[in-house]
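Q: Please take a close look at one part of this model, the open sheet together with the helices packed on it, and then turn to the pocket that shares one of those helices.

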Amino acid sequence: MEKKRILLGMSGGMDSSMSAVLLQQQGYEVIGATLLTHTDETDSSIIAAQKLANERHIKHHLIDCRTQFKNTVIQYFIDEYTNGRTPNPCIKCNETIKWKLLLEAAEEYQCDYIATGHYVRKEQLNGRYYIKKGIDPNKDQSYFLWNLNQTTISKALFPLGELHKQEVRQLARELGYTDIADKKESMGVCFLSGTDYREYLKELLNPNHPAFSSGNVVDEHNTILGKHDGFPFYTIGQRRGIEGVAKGKCVVRIDAKNQELIVGTRETLNTSSVTLSNYQLTDNTSLWKDQKVFIRIRGLDSVPGYWGTISINSQSLSIDFDEDVWAITPGQSIVIYDKDIIIGGGIS
């Protein structure tokens, strides 16, 4: 029987590398693809992906998408911060760059499926595909894939979804890939490379950009308390940088149009509801109508999420939480679960 061919997104890290091994063990013919998004061909992760592919006799393709990535993901990153909002570039990339290009490459190389090293699973219910949490609660990455469409999910396979991170690391060691197993895990936004986003914005934008202009720090009564040094350098809930003019208060709202930071007490940021204007939701109403659902407001957080109920009208989706939620920030993704499966999500 002819092997099924699968296109694997290879980053050069342990997760995608061990995904390649597992897929080969399962009988797939693996074709590798690495997206060149913000570095060049000499980047260590690119070289690591090519090395692994060569060792495993995997045909490997390098997809140069730096221009698309800059015009889409990085521009979105800039626009959100300069409009007083909080971006999530990983989710934007998954929707507009990564999975789109992997699908196109899969078609070009006549692959039946696409795969990545995400710690997630998928499930089919009543003819619809859903992203499902990975079984390792410490590594579950489902939050970042909430906006994938049905075509993408139907073709996607996730070799690591049923494994814990430590099992994957042990597999790498057993196979002799100790360099990969011991490699420090990359965290955060890839193109920041550990740089503070504020410094990155300064590098990208002209120092005279209006967003970097000093503006007023005001309280809830519109009383001017002092000045800030550029509103994109502040986030909702932040105290650092305003202690001198607003002791005991934090940023509760960013008014980009008037270049103002509005400050208040921490309790001001508690909310019992949120409305999403840009959203998607499963049409299987039995999973959400009059049901308690689980909501995550951040991908990486000490608080795993909150319970609540949802309602929709023709233009928006509203979530009523069972308890107060702190610091929901304009621009961030809100993801809705029924048990372990994602049934919807949107932008606050």
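A: The account below treats the sheet, then its helices, then the pocket.

The model is a predicted one. Its open sheet has 5 strands, paired in parallel and arranged in the order β3-β2-β1-β4-β7. At the edges stand β3 (59-64) and β7 (156-157); each has a single partner strand, so one side of each is left without a neighbour in the sheet. Further in, strand β1 (residues 5-9) runs parallel to strand β4 (residues 113-115), and 3 bridges join the two. Within this pairing, L7 has I114 of β4 as its bridge partner.

Helix α1 (residues 14-25) packs on the sheet, where it touches β1, β2 (29-36) and β4. The direction of α1 makes about 170 degrees with that of β1. Helix α4 also packs on the sheet, touching β1, β2, β3, β4 and β7. Its direction makes about 140 degrees with that of β4.

Helix α4 (89-108) leads on to the second largest pocket, since α4 is among the elements that each supply at least two residues of the lining, together with α3 (66-82) and β13 (278-281). The space in this pocket is about 280 Å³. Its lining consists of 15 residues, and K92, E95, W146, N278 and I347 lie nearest the centre. By character, the lining residues divide into 6 polar, 5 nonpolar and 4 charged.

Helix α4 thus appears in both settings: packed on the sheet, and supplying at least two residues of the pocket lining.

Key: Residues are numbered from 1 along each chain as its sequence is written. This is a predicted model: local features need pLDDT of at least 70, side-chain atom pairs count only at pLDDT 80 or more; totals for chains, interfaces and linings use all residues. Side-chain values use heavy atoms; hydrogens and water are left out. On a 1 Å grid over the protein atoms alone, a cavity is a set of points where a 1.4 Å probe fits but cannot get out, and a pocket is an open set with protein on both sides within 12 Å along at least five of seven lines; lining residues have an atom within 4 Å of a point. Grid points are joined across faces, edges and corners, and a volume is the space filled by probe spheres set on the points. Helices (H or I, at least four residues) and strands (E, at least two) are DSSP runs, numbered from the N terminus. Ala, Val, Leu, Ile, Met, Phe, Trp, Tyr, Cys and Pro count as nonpolar, Asp, Glu, Lys and Arg as charged, and the others, Gly among them, as polar. Two strands pair if DSSP finds at least two bridges between them. Contact means heavy atoms within 4.5 Å. Axes are lines fitted to C-alpha atoms, for helices over the stretch in contact, and angles run from 0 to 180 degrees between N-to-C directions.
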